[in-house]
Amino acid sequence: ETVVVADLEPGWADAKTRPDGGDIFLARRPRLYAGGRPPGARPPAAASTRVAVMRPTGHGMAAIEDAGRRVRAAARDGIELVVLPELFHYADSRADGSFLDGIAVDVIAQELSGTGCCVVTTLPDDAAHVGVLISGRGVSGRQLQMHPCGRHVSWQATLGDRLVPFDMPWGRLVIAVGDDALYPEMFDLAARLGADAVAVPCAPA
C-alpha cells in the first residue's frame, strides 16, 4: 500500500499547445466524430498478423533506399504490414516540395512486388497530408489527415472529413494520419467501422 501526495495546478491542463505550435483543442473537429457505420460486410479477421514499425535513417534518397532495404527484408520474412513514419524521407518530417515522392512510392512498391506485404506511410498531395497504403502495385489506398497540424501549416489547406476502412486479407485496416492519433475519437470511429488494426504513421514530437 502506498500513499502519494502531490500538489496539482489545474491551470496547467488549459495549455494544449504542441511543440510545433498547434493547439489540440482548437484543432478538434467534433462534428466528424459522430459517424462511423461499417461499410458492408466485414471480412473475417486472421488469428494473428505480423506487423513491423520501422524508421529509416537519413532523409531524401538515402531514406528511400534504406526504407526499400528494410521493407524488402520484412516482406521476405513474412511481415504483412509495415508502418513507416509520416513523410519519412523528409528532414524532420516537414514537407518541403521534394520531387522524390513518386520515387519513394515506386521503390517501396518494387520491393513489395510478389509479396503479400503492404506499407503505410504519408505523403503531401498538393494541399493535403495523405496517408497512403502501398502494395506491390503502387498506392492502393488513401486517407486524408482530418485535423490541422502545426508542422504542416504552411501547406496543409485540405482536410479529410471521414475515415476510410481498407479490407486486407487479414482483416480491416484504418489509417490515422500523423497527429490525428492525438484525438481519442479517431479510435472510437475506427472501432465503429469494424477496424481490426489502426496504422499510425507519425513523427512523435
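Which residues touch the most other members of the largest nonpolar core? They are V82, L84, F88, I108, L112, V119 and I134, in a core of 25 residues. A nonpolar core here is a set of buried Ala, Val, Leu, Ile, Met, Phe, Trp, Tyr and Cys residues joined through side-chain atoms within 4.5 Å. Buried means under 20% relative accessible area with a 1.4 Å probe, protein chains only.

This is a predicted model: local features need pLDDT of at least 70, side-chain atom pairs count only at pLDDT 80 or more, and totals for chains, interfaces and linings use all residues. Residues are numbered from 1 along each chain as its sequence is written, and side-chain values use heavy atoms, with hydrogens and water left out.

**Core**

At least two residues of the largest nonpolar core come from each of α2 (61-76), α3 (101-112), β3 (118-125) and β4. The top contributor is α2, with six residues. Helices (H or I, at least four residues) and strands (E, at least two) are DSSP runs, numbered from the N terminus. A separate core of 13 residues includes L133, M168, W170 and L173.

V82 has contacts (heavy atoms within 4.5 Å) with A52, M54, V71, A74, C117, C118, V119 and V120. That list leaves out residues up to four places away in sequence. In soluble globular proteins, nonpolar side chains tend to be buried together.

**Sheet**

Five strands form an open sheet in the order β1-β2-β3-β4-β5, with mixed pairing. β1 (51-53) and β5 are the edge strands, each pairing on one side only. From one strand to the next, the twist averages 30°. Two strands pair if DSSP finds at least two bridges between them. Two of the pairings are set out here.

| Strands | Sense | Bridges | A bridge or opposite pair |
|---|---|---|---|
| β1 (residues 51-53) and β2 (residues 81-83) | parallel | three bridges | V53 and V83 |
| β4 (residues 128-135) and β5 (residues 138-144) | antiparallel | six bridges | S135 and G138 |

β4 and β5 make a hairpin, with two residues between them.

**Helix α2**

How far does α2 reach from its first C-alpha to its last? The helix has 16 residues and spans 23 Å, close to the 22 Å expected at 1.5 Å a residue. The expected span is 1.5 Å times one less than the number of residues. Its buried residues are A63, I64, D66, A67, G68, V71, A74 and A75. They pack against β2, α3 and β3. Just after α2, G78 adopts a positive phi of about 90°.

Technical notes. Buried < 20%, exposed > 50% of the residue type's maximum accessible area, 1.4 Å probe, protein only. Axes fitted to C-alpha atoms, helices over the stretch in contact; angles between N-to-C directions.
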